[in-house]
Amino acid sequence: MINFNGNTVQEENLLTQNRAFLYGDGVFETVKIINNKILFLEDHYFRLMASMRIVRMEIPMNFTMEYFEEQVLNLVQAKGITASARARITVFRNDGGLYLPKTNEISYLIHATPLENTSYVLNTDEYEVDLYKDFYVAKQLLSSIKTTNKMINVTGSIFAHENGLANCLLINDSKNVIEGLQGNLFMLLGKKLITPPVSEGCLNGIMRKQILALAKKVEGIEVLEEIISPFDLQKADELFLTNVITGIQPITKYRKKEFTSNLAHLLVQKLNESISEN
């Protein structure tokens, strides 16, 4: 018997023992599907496996990359959204225990929704950001993986909405800027394209990896993984965020400083070309 929204009922709610709900004891991956193909499949699979190992989850013997791919594609095929879709696979430790789990065995849930475009399209609408300083991201390994404990992203999103911002930039416990609420941060300063190293506490992003590789092929651009301070943002020529679903999102304004998006346009073009070739 439980009390659910003021009603005492006999039925057990699925969430009463779910460890992802109770303790944030879960990890996840969000993937993009284009023309019945998971983009960057290998990167997503190995990041998920690494995340499960870091939090001491038991990886089933059958949980191969082929199995991962099959389970995701079976769902988008059943929903008829193979042309363009996003899918999230959430892996959580099975029921039982309090902080100490009774088992490290896992279950998973996949859900998928359609997307509008079958290629990456640069959004050139006004996109203003500011720093979110209510909470800090710790420079630790857990910060670099995708867990189901995302309270700083939730409260930061509420802050952005209340202040008419498109997004916020997160800072770590050394007061350095590390990423946006929904993606990794890149800063163009002259001919240097800089993104914070994962050791600063930012997500080890899949699109971050792709953009680093593509930018290194752009003539005249030096690609660096270096610390970014809030003061550096005011000197930047371009700022943009990256994630697998959006691709590249240019930041048009930070406080009173406005930015161009020339490199972002070029990198989106190269990104689409690289996907069509694979």
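In this predicted model, helices H2 and H3 meet through a handful of side chains: Leu41, Glu42, Tyr45 and Leu48 on the H2 side, and Met65, Phe68 and Glu69 on the H3 side. Sorted by class, the residues of this contact come out as five nonpolar, no polar and two charged. Two packed helices are described by the angle between their axes and the distance between the axes. Here the angle is about 110 degrees and the axes lie 10 Å apart. Angles of 65 to 115 degrees count as roughly perpendicular, so that is the label that fits H2 and H3.

H2 has another helix partner, H5 (residues 206-215), and the two axes come within 10 Å of each other, crossing at roughly 135 degrees. That angle makes H2 and H5 oblique to each other, and the crossing of H2 past H5 is right-handed. On H2, the residues making the contact are Asp43, His44 and Arg47, while H5 brings in Ile206, Lys209 and Gln210. The mix of classes in this contact is one nonpolar, two polar and three charged residues.

What do the helices pack against besides each other? Part of the picture is an open sheet of four strands, which run in the order E4-E3-E5-E6 with antiparallel pairing. Strands of a sheet pair through backbone hydrogen bonds, either parallel or antiparallel. At the edges sit E4 (37-38) and E6 (106-114), each of which pairs on one side only. Strand E3 (residues 26-34) is joined to E4 by two bridges, again in the antiparallel sense. One bridge can be picked out by eye: isoleucine 33 has isoleucine 38, in E4, as its bridge partner.

Both H2 and H3 lie on this sheet. Helix H2 (residues 41-54) packs on the sheet and touches E3, E4, E5 (84-93) and E6, with its direction making about 175 degrees with that of E3. Helix H3 (residues 65-79) also packs on the sheet, touching E3, E4, E5 and E6, and the direction of H3 makes about 40 degrees with that of E6.

Zooming out, the chain has seven helices and 16 strands. Its radius of gyration is 20 Å, close to the 19 Å that the globule rule gives for 278 residues, so the chain is as compact as a globular protein of that length. Taken along the principal axes, the box filled by the C-alpha atoms is roughly 60 × 45 × 30 Å.

How values were computed:
Residues are numbered from 1 along each chain as its sequence is written. This is a predicted model: local features need pLDDT of at least 70, side-chain atom pairs count only at pLDDT 80 or more; totals for chains, interfaces and linings use all residues. Side-chain values use heavy atoms; hydrogens and water are left out. Two strands pair if DSSP finds at least two bridges between them. Contact means heavy atoms within 4.5 Å. Axes are lines fitted to C-alpha atoms, for helices over the stretch in contact, and angles run from 0 to 180 degrees between N-to-C directions. Angles under 35 degrees count as roughly parallel, over 145 as roughly antiparallel, 65 to 115 as roughly perpendicular and the rest as oblique. A crossing is left-handed if the near helix is turned anticlockwise from the far one by less than a right angle, and right-handed if clockwise. Ala, Val, Leu, Ile, Met, Phe, Trp, Tyr, Cys and Pro count as nonpolar, Asp, Glu, Lys and Arg as charged, and the others, Gly among them, as polar. The radius of gyration is taken over C-alpha atoms; the globule rule is 2.2 Å times the number of residues to the power 0.38.
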